[in-house]
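Trainee: I would like a close look at a single part of this structure. Please take the sheet, strand by strand, and then what sits around it.

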Amino acid sequence: MSERHEPTEVTREQAEEAVRVLLRWSGEDPSREGLLDTPKRVVKAYKDWFSGYAIDPGEYLRRTFEEVAGYDEMVVLRDIEFESHCEHHMAPIIGRAHVGYLPTNRVVGISKLARVVDAYARRFQVQEKLTAQIAQCIQDNLHPAGVAVVVDASHECMTTRGVHKRGVSMITSQMLGAFRDDARTRSEFLQFIGIRGAGR
């Protein structure tokens with residue numbers, strides 16, 4: 001399920017005024033030269049950062065290929081870089097996703113897996129939800145024998161505020177089907193993405 005939300009009608013002018021309010025609240029003067037164009041720039045950046053709300057990630061997986069000569073072994077795409085934003089503090093989440101699936105009778109172009117990651121990442125997120133959404137989207141659209149997703153990310157809501165702990169990353173995983181039921185399949189995936197000794 002894509003969990004698409006209908007946006008509340010907000011004009012660009014209203015969004016820019018909201019940025020000016022935040023600048024005033026922080027103690028700045030939005031009318032000074034260096035900040036005059038900041039509201040426009042912030043709104044433009046938000047349009048890019050949160051473009052995932054306008055996308056149905058499942059659409060990327062609906063064009064598949066069946067001529068794979070009976071291939072039914074693991075397909076793994078690792079080190080998919082992404083940027084997201086924490087829904088609690090609106091701070092960046094920077095990380096990598098590793099995605100694997102066991103095809104039944106069809107595969108999808110590998111770039112489409114990366115696009116699914118990006119579509120969910122370009123929304124306000126918590127990492128656990130992001131991980132589960134990617135896995136479920138692949139499961140629902142490709143109907144493979146199993147799906148595995150591991151996400152490794154750093155959260156700037158923790159590194160730049162609060163406890164100020166740098167160099168800390170968080171790892172989440174979602175295993176479905178054969179990856180959940182078969183320890184050997186899960187272990188093979190984890191070895192492919194460079195996590196050894198896990199899943200035993």
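Mentor: What follows is a walk through the sheet, and then its surroundings. Keep in mind that this is a predicted model.

Start with the overall order. The sheet is open and has five strands, in the order β5-β2-β3-β6-β7. Its pairing is mixed. The edge strands are β5 (124–125) and β7, each of which pairs on one side only.

Take the β5 edge. β5 runs parallel to β2, and two bridges join them. Within this pairing, H85 stands opposite F124 of β5.

Move on to β2 and β3. These two strands run antiparallel, with nine bridges between them. H85 turns up again here, opposite P92 in β3. So which residues does H85 face, given that the cited pairings define it? It stands opposite F124 in β5 and opposite P92 in β3.Next comes the turn. β2 and β3 form a hairpin with five residues between the strands. M90 has a positive phi there, near 60 degrees. M90 belongs to the loop between β2 (75–86) and β3.

A salt bridge also spans this pair of strands. The side chains of R96 and E81 meet at 3.2 Å, N to O. The link joins distant parts of the chain: R96 is in strand β3, E81 is in strand β2, and they are 15 residues apart. R96 is partly exposed, at 36% relative accessibility. E81 is exposed, with a relative accessible area of 52%. In general, side chains of opposite charge can pair when their charged atoms come close.

Now β3 and β6. β3 covers residues 92–102 and pairs with β6 in the antiparallel sense, over ten bridges. Two facing pairs help you find the register. I93 stands opposite H155 in β6. G95 stands opposite A153 in β6.

β6 itself spans residues 146–155. The strand is mostly covered, with eight of its ten residues buried. On its other pairing, β6 meets β7 (residues 170–177). These two run antiparallel and share eight bridges. V150 has S173 of β7 as its bridge partner. That brings you to the β7 edge.

Go back to the loop at M90. M90 joins Y46 and W49 in a nonpolar surface patch of about 290 Å². How does each member sit at the surface? M90 is partly exposed, with a relative accessible area of 43%. Y46 counts as partly exposed at 32% relative accessibility. W49 is partly exposed too, with a relative accessible area of 37%.

The two aromatic members come from a helix. Y46 and W49 both lie in helix α2 (residues 38–49). They are three residues apart, about one turn of the helix. As background, an α-helix has 3.6 residues a turn, so residues three or four places apart point the same way.

Look at the rings next. The whole structure has four aromatic pairs. One of them is Y46 with W49, a tilted pair. Their centres are 5.8 Å apart, with 50 degrees between the planes. Y46 also pairs with F50. Here the centres are 5.0 Å apart and the planes are at 70 degrees, so the pair is edge-to-face. F50 is buried, with a relative accessible area of 10%. Ring pairs link Y46, W49, F50 and F124 into a cluster. F124 is the residue of β5 that stands opposite H85. That ties the ring cluster to the edge of the sheet.

Then there is helix α4, residues 127–142. It has 16 residues and reaches 23 Å from its first C-alpha to its last. That is close to the 22 Å expected at 1.5 Å a residue. Buried residues in α4 include L130, I134, A135, I138 and L142. Polar ones are on the list as well, among them Q127, T131 and N141. H143 follows α4 and has a positive phi, near 50 degrees.

Last, the other charged contacts. The whole structure holds twelve salt bridges. In one of them, E28 and R32 meet at 2.9 Å, N to O. E28 is partly exposed at 31% relative accessibility, and R32 is partly exposed at 38%. In another, D56 pairs with R62, with the closest N and O atoms 3.3 Å apart. D56 counts as buried at 19% relative accessibility, while R62 is partly exposed at 45%. A network of salt bridges links R12, E16, E17, R20 and R24.

Key. Residues are numbered from 1 along each chain as its sequence is written. This is a predicted model: local features need pLDDT of at least 70, side-chain atom pairs count only at pLDDT 80 or more; totals for chains, interfaces and linings use all residues. Side-chain values use heavy atoms; hydrogens and water are left out. Buried means under 20% relative accessible area, exposed over 50%, partly exposed in between (1.4 Å probe, protein chains only). Helices (H or I, at least four residues) and strands (E, at least two) are DSSP runs, numbered from the N terminus. Two strands pair if DSSP finds at least two bridges between them. Patches are made of residues with over 30% relative accessible area and no salt bridge: like charges are joined within 9 Å, nonpolar side chains (Val, Leu, Ile, Met, Phe, Trp, Tyr) within 5 Å. Accessible areas come from the Shrake-Rupley method with a 1.4 Å probe; for residues, only the protein chains shown count as cover. A salt bridge is a side-chain nitrogen of Lys or Arg within 4 Å of a carboxyl oxygen of Asp or Glu. Rings of Phe, Tyr and Trp (its six-membered ring) pair if their centres lie within 6.5 Å; planes under 30 degrees apart count as stacked, over 60 as edge-to-face and the rest as tilted. The expected span of a helix is 1.5 Å times one less than its number of residues.
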